Amino acid sequence: MQVAKLGVRFMGICTRETSVEEMGPKERSIYIDQLTPRGGLYTDVQRAVHPKSNSTWRVSPEPFWMPPHIVWQYEALGRHLYRFYKAANLLYAQSVRGIQPGWVAAYLDRGKPEEVIGYGRMNRFKQHLPHVIRPDVIPAVEGMVATELDSVPGGIGFTASLGQRYARLGYEIVGGADGMASGFMHMIRSVGGVEDAVLGVVISEESSAWRPEMAWLGEVLNGLGLETYVVRPEEILFSEAGLFVEGAQGRRQIDVLYRFFELFDLRNIPKIDLILYAIRKGLVKVTPPLKGYLEEKMLMGLFHHPLLKRFWHSEMGEDTFDFLMQVFPRTWILDPHPLPPYGVIPGLEIDGQAFTDWQALGRLGQKQRQFVVKPSGFSEQAWGSRGVSVGHDMSEQDWGGVIAAALEAFPTTPHILQEFHTSSRFSVDYYDFNSDQMARFRGRVRFCPYYFVVDDEPVLSGIQATVCPPDKKVLHGMVDAVVVPCGIAAGKR
């Protein structure tokens, strides 16, 4: 989208109309910052981080550029991940029925209450899959590495806003200027099965940090023609006909409920019994589905398990299987059950040494501890950067304690061990609001592509890039990171 003239406000002072070509990096950065939506996208705590700007991160004057062939790879990634979700859904179902090993479902159900297990196994929902797919991708020297998958991600509204802002400067954004909002809208209509579906985005208190950005997205969706209400669970109204909200034009029935709450938090959500009743009776459609087993990081460990190789290869096809073998880091489930003397942990070998006991990992030298330990899922510690321990970033004593604690937590909160991959470094420019100068650093990047499934096809609708200082081992949104949308390099001026 080309913009000829922009009325720009720099540091509170309105200037003359300026053409895009006349704006330097500093002016572009300030312009991006000044485009923060009225009312903000953040909570008061988040907003107070950078008092001289409207942003809670370092603002760059341009997107993170991706060559077209890399964008194509990310489009392919979405298709492969969707096939993986389909296969994982089938694997669990066949494990429950005894067609596949029973320990698969036993792992994926561990620590979950019967209520969550029961909803995940209901026949009426057996084909339901996540309609939002968002991996965390590290561009390592050996290629792209997807360290996690998230089907209830934050950042949808935030990434949508970033895409709109940078597109105002004429940059070609991956997914398009309105790709995130448009993709989300088409996904909801696909779930609802009707063009005029009414959407209710239900956000729990536990997920309240994302309420401002989703409220902003709700306004955008209403502007696009999708009737949207962003509400707290207690604002939901119930009748035997379904779920309702009070809108500006009176009471409106919800066709699609977008679940912005975690399954581990169900018992803390007001009116959850009424909401679950409406879902169970088919009075409202819900996405993501109530399938806790599809939200487990241990799925990557199951993907790498040698006894399941034939299943994955058969269900996904050789192309997807080979692709994901390169993309998914080697992952293991930290199970404290002892192995027989001749048993070894499959695929775990360090400097030629095989392992039969997880505790032995605690005695590895620092250079050998290129691993991450984190909760698999169904825990308040299993999202964001919570609960993540990097082996080579701590003492041997602390690392041994992490391994021991993870094994002890297995009955209620299984943990995974995953290979650590170092992101490649990239140079990025940003405007320093304190010094009033442009600055640069060479940092490590994490990409978060967003795919919305429309008519059984995942659509790449935007990619968020987070560039962190090089000393950071866990890459996530932070005050000293540059956060930008990805742009297509072919459209770079």
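Two strands are taken to pair if DSSP finds at least two bridges between them. In this predicted model, strand 16 (residues 371-375) and strand 18 (residues 415-419) meet that condition, pairing in the antiparallel sense over five bridges. Within this pairing, Phe 371 has Glu 419 of strand 18 as its bridge partner.

The two strands belong to an open sheet of four strands, arranged in the order 13-18-16-17 with antiparallel pairing. The edges of the sheet are formed by strand 13 (331-333) and strand 17 (389-390), each of which pairs on one side only. Helix 13, which spans residues 396-408, packs on the sheet and touches strand 16, strand 17 and strand 18; the direction of helix 13 makes about 35° with that of strand 16.

With regard to covalent cross-links, a disulfide is a covalent bond between the sulfur atoms of two cysteines, and the structure holds zero disulfides. For Cys 448, the closest cysteine sulfur is that of Cys 486, at 9.6 Å, which is too far for a bond, given that a disulfide is assigned to a pair of cysteine sulfur atoms within 2.5 Å. The relation also holds from the other side, since the cysteine sulfur closest to that of Cys 486 lies in Cys 448, at 9.6 Å and therefore too far for a bond. As for solvent accessibility, Cys 448 counts as buried at 1% relative accessibility, and Cys 486 is likewise buried, with a relative accessible area of 0%.

Notes. Residues numbered from 1 in each chain as written. Predicted model: local features only at pLDDT ≥ 70, side-chain atom pairs only at ≥ 80, totals over all residues. Heavy atoms only, no water. Contact = heavy atoms within 4.5 Å. Axes fitted to C-alpha atoms, helices over the stretch in contact; angles between N-to-C directions. Buried < 20%, exposed > 50% of the residue type's maximum accessible area, 1.4 Å probe, protein only.
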